[in-house]
Amino acid sequence: MIRTKRFTALAVVASLAFAACGGDDNEADAPASEDTTADTTADTVPAGGVSGTLIGAGASSQKAAMQAWQAGFQAANPDATVEYDPIGSGGGREQFLAGGTSFAGSDAYLKDEEWEASKDRCAGDLGAINLPHYVSPIAVAYNLPGVDELRLSTAALAGIFAGEITEWTDPMIADENPGVELPDLAINPVHRSDESGTSKNFTEYLGKVEPDVWTFGAIEVWPEVGGEGAQGTSGVVAAIGAGEGSIGYADASQIGDLGAAVIQVGDNWTAYSPEAAARSVDASNRIEGRTEFDFGFSLDRTTTEAGVYPITLVSYHIVCLEYETQEEVDLVKAFMRYVGSAEGQAAAAEAAGSAPISAELTAQLETAIDMITVAG
Amino acid sequence: MDTATQPAGLIRPLSRSVLPVLVVVALVAAGAFSFAVAGSINIPIVIVVGGVVNLALTYVVSRRAEGHRRAVDRTATSVITTLMVAALVPLLSVLWTALSRGTARFDLELFTETMRSVVGEGGGAKHAIIGTAIITGLASLMAVPIGTFTGIYLVEYSRGGRLARVTTSMVDVMTGIPSIVAGLFAYALFSLIQGPGARSGFAGSVALALLMTPIVVRSTQEMLRLVPNELREASYALGVPKWRTITKVVIPTAVAGLLTGVSLSIARVIGETAPLLVAAGLAQDTNLNPFSGRMTSLPVMSYYGYAAPGFPPEADYERGWSAALLLIVLVLVIFTVSRILARVLRPKGLR
Amino acid sequence: MTPSTTAPRGPLGDRVFRRLSVSAGVTVLVALAAVAVFLVFRALPAFTSAQNEIGVGGDNGEGEGFLSYVLPLLFGTVWAALIALLIAMPVAVGVALFITQYASKRIASALGYGIDLLAAIPSVVYGLWGIFVLAPVLARNVYPWLGDNLGFLPFFSGTTSTSGRTMMTAAVVLAIMILPIISAISREVFTQTPALHKEAALALGATRWEMIRMTVLPYGRSGVIAASMLGLGRALGETMAVALILSPADVISLKLLTNQNPNTIAANIALQFPESTGLEVNTLIATGLVLFAATFVVNAMARRVAGGEVND
């Protein structure tokens, strides 16, 4: 069933990675060689790959990346199948906590009470951990014919989405864009009409950088400030494309031909890029009060560092530290290891336009994944 | 049409060449109006205003030549024809949209490949075709007999008793179940039976059956009620028992309508996305067992092709539109079969 | 039941058939009761919890109370469905009349087929068609004109949307979706008008329209209203097409052409459910319960309008 060259290459890389994880750690030269725990993996992952069905559910933001991960993983483990229902983060976490799935995909890490609940759901009493496997920049896309580069200060950005700046010729925008001929159009800010992690991340950013202008905090449903609502990333992109003067936020890989605003970060101007997004995760702190293997991040939105793009969505895989059966442990470990590896991240970057996590983070995540065991 | 249905009048009928002239006059007037108001030829305005002017002109001209009653008749004909055309415009537009976007991937692979381990281009909808067939088939197996018998009960057996009244209003309420709530219900039900997170094709079928049943009941009711009572009475008078009367006289008489209702109800649910995503989940590979494991259907595949495409999104968009086009073709086939069945089953005496 | 059954298998067959019919009716009741129990059970916390916690997607449990959450949605649901019905019903009746009374047999069959096809198109496709084809056309050609010239009417006032994702567009798409349901059943009903009545009317010198007004329409009235109720039911509960097309906001507004539209209950559930947890889920399911009640009321009213003829 291998249909494209790209895919063949991917499969080969993936199987190499698995050889590295599963067997002799000296032999393979996989880039993810921060693997220092071959002793624990050698006895849990059979050499021919794992088998069985691994079921997950959750964030639809990961769907495209998941397709690539499923393909790569199943190519290396022909007897294994990964199913993923993109029912949304909330539903994913709820089903995981109810014991219906082996892992959850979620645009937010487990809330405190959910973490407590996870101690009941998981075998043993260590609870579940958050693995930040999908990092993606959120672009601020606009539809202004003839405007190739648009700089937006944090104040202008917050003002536009709060409904306070309504014309493209507003000095707040014009002053930062000398030499750019801004059209005399009304601004039509487009937002997500469905509850989404993208909205939550974007509004959290606005609330952190301009708390006086964006007073609504981090929210999933748009407040009463006007603007146009559209369903899903595709809907937002279509709505921006449909009307001149529109501006909106969307997963950067999906904005197509639309222009993307350059954002003020401290005294710098930063355009989105996968690298800049990944850097924002590295520049952030892990949440406190969880186990040492938890990698929930509280993103530093107010960073002033150059080259960091703070409007970034981090989507997690939520897994237990202890499961009931060896089969489930093997599947979860093998799959998570692949997803977090350089190969898995590269596959997602190609298929979904996400930002590969840094090598250090991969190494850290691997130590956490290695801790997954059978209870008892 | 034939002039036989037109009563012979003493009035001189309008010459055939007059009406097209009126259309031209109306269009010119509408164009002028559009120019005066909007400053350019705005096609929707021209069509609407032209239509109204044409109606008025037809009435006036016809009234002078043929009198008030004929003029009203002509106007009614024009209005009804216009409504017919108005209904066809969106149909053609939707079909054209689906065709022009869906043919890119409407190839052999669509029928022979699944989405297992597919990234980017390639892949097909085999798993979704099978899933749609199984899920919709099982839903019909549940909803059609239950719905038809409920309709028979309401029309043929109940004498307006309390059970009948309650059932009728409950069926009304059922038409208002939002599809996603039906899905949530099926999901909750099967989570109780099969454990948390249970998803299966059958759970999807139950959700769809909930949506189908009221449509089948209501159309059965309407169609059975249209069967003239004389037929039933004649049958009883010949000593035929009631159930034989129903199966041999009432149902065959109404069969065309019943089949229309059934095929409409199938069409109503075969394109459902929301409940199936909740209840049946998403699988990349073929699953033949409706009672265990996730099962993808065509609308779910189509929806995700649009809602969560990969990068670049074109491959997913194209697959999504092809799945949608396939769905339309599928329903076309169902309609055709039901029409042929209706013709075969309709008693010879009727038309 | 008829007493005149002398055939040996008659009584047994009758009993079996009767029982089958009754149990089918009871099954429908049981199924609906199960759904209702599920809904009430899951919705209950939204009514019993502290009302200031009720709300969906807000920041840290700040809510507005269930009533003020559901009212705009209820309004939007009924508003969209009513406009859709207002558009669809005359067109559907016109279509049914054209097919049954005007067109020749062959054309009638082809046209009927075409209109039935409208029912075959999945709601996702309608949604996408609405976004990519209908909304831009209306936004470019029709809405600006309506806004400029009829803006004094409350329906057409306000800032006209540039992308066309308005209540009007959603209602037009809903109308197209329910058109085949209404017209298919109306068609069947009109076909069944006794030929005797029609011929009598024509023999008395009635024009075709007079014949339709005197025989076909009265005969089909109950059927048309029942069909419209089915259509209304679908319009009230339609999820995906509205979710894709409408630009929603938390408002109660009669304006049809702006991008601040009241959302519908079903679309809102579809939009908010995936990311909801805990009390939010209860709240959304409670709105589903309200939709249930609304459907019930609308149907009861339609029944009254029909003069009790819909049921015997």
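Into which domains is chain B divided? In this predicted model, chain B splits into domain 1, covering 3-104, and domain 2, covering 112-350. The legends below walk through several close-up views.

**View 1. The two domains of chain B and where they touch.**
Taken over C-alpha atoms, the centres of domain 1 and domain 2 of chain B are 38 Å apart. Contact between them involves 5 residues of domain 1 of chain B and 6 residues of domain 2 of chain B. On the domain 1 side, the touching residues sort into 3 nonpolar, 1 polar and 1 charged.

**View 2. Helix 12 of chain B and its surroundings.**
Let's zoom in on helix 12, residues 298-307 of chain B. Why is this helix described as largely enclosed by the rest of the structure? Because 10 of its 10 residues are buried. A residue earns that label here when 20 or more other C-beta atoms lie within 10 Å of its own. Among the buried residues you can find B:Leu298, B:Pro299 and B:Val300, as well as B:Tyr303, B:Tyr304 and B:Tyr306. What covers the buried residues of helix 12 of chain B? From chain B itself, the cover includes helix 5 (126-157), helix 11 (274-279) and helix 13 (314-345). Other chains join in too: helix 3 (63-76) and helix 9 (232-242) of chain A, along with helix 4 (123-141) of chain C.

**View 3. The contact between chain C and chain A.**
Here 24 residues of chain C are in contact with 31 residues of chain A. On the chain C side, the elements giving two or more residues are helix 4, helix 9 (240-245), strand 1 (248-249) and helix 10 (265-272). By class, that side of chain C holds 9 nonpolar, 11 polar and 4 charged residues.

**View 4. Strand 1 of chain A with its partners, strands 2 and 3.**
Strand 1 of chain A spans residues 52-58, and 5 of its 7 residues are buried, so this strand is largely enclosed by the rest of the structure. Strand 1 runs parallel to strand 2 (residues 80-85) of chain A, and 6 bridges join the two. To spot this pairing, look for A:Leu54, which stands opposite A:Val82. Between these two strands, the chain passes through helix 3 of chain A, making a right-handed β-α-β crossover. Strand 1 of chain A is also joined by 3 bridges to strand 3 (residues 103-106) of chain A, again in parallel. For this pairing, find A:Ala57, whose bridge partner in strand 3 is A:Ala104.

Conventions:
Residues numbered from 1 in each chain as written. Chains lettered and ligands numbered in written order. Predicted model: local features only at pLDDT ≥ 70, side-chain atom pairs only at ≥ 80, totals over all residues. Buried ≥ 20, exposed ≤ 12 C-beta atoms within 10 Å, placed from the backbone. Helix = DSSP H or I, 4+ residues; strand = E, 2+ residues; numbered from the N terminus. Contact = placed C-beta atoms within 7 Å. Domains from an automatic or database assignment. Nonpolar A, V, L, I, M, F, W, Y, C, P; charged D, E, K, R; others polar. Pairing = 2+ DSSP bridges. Right-handed = clockwise from strand over helix to strand, strands pointing away.
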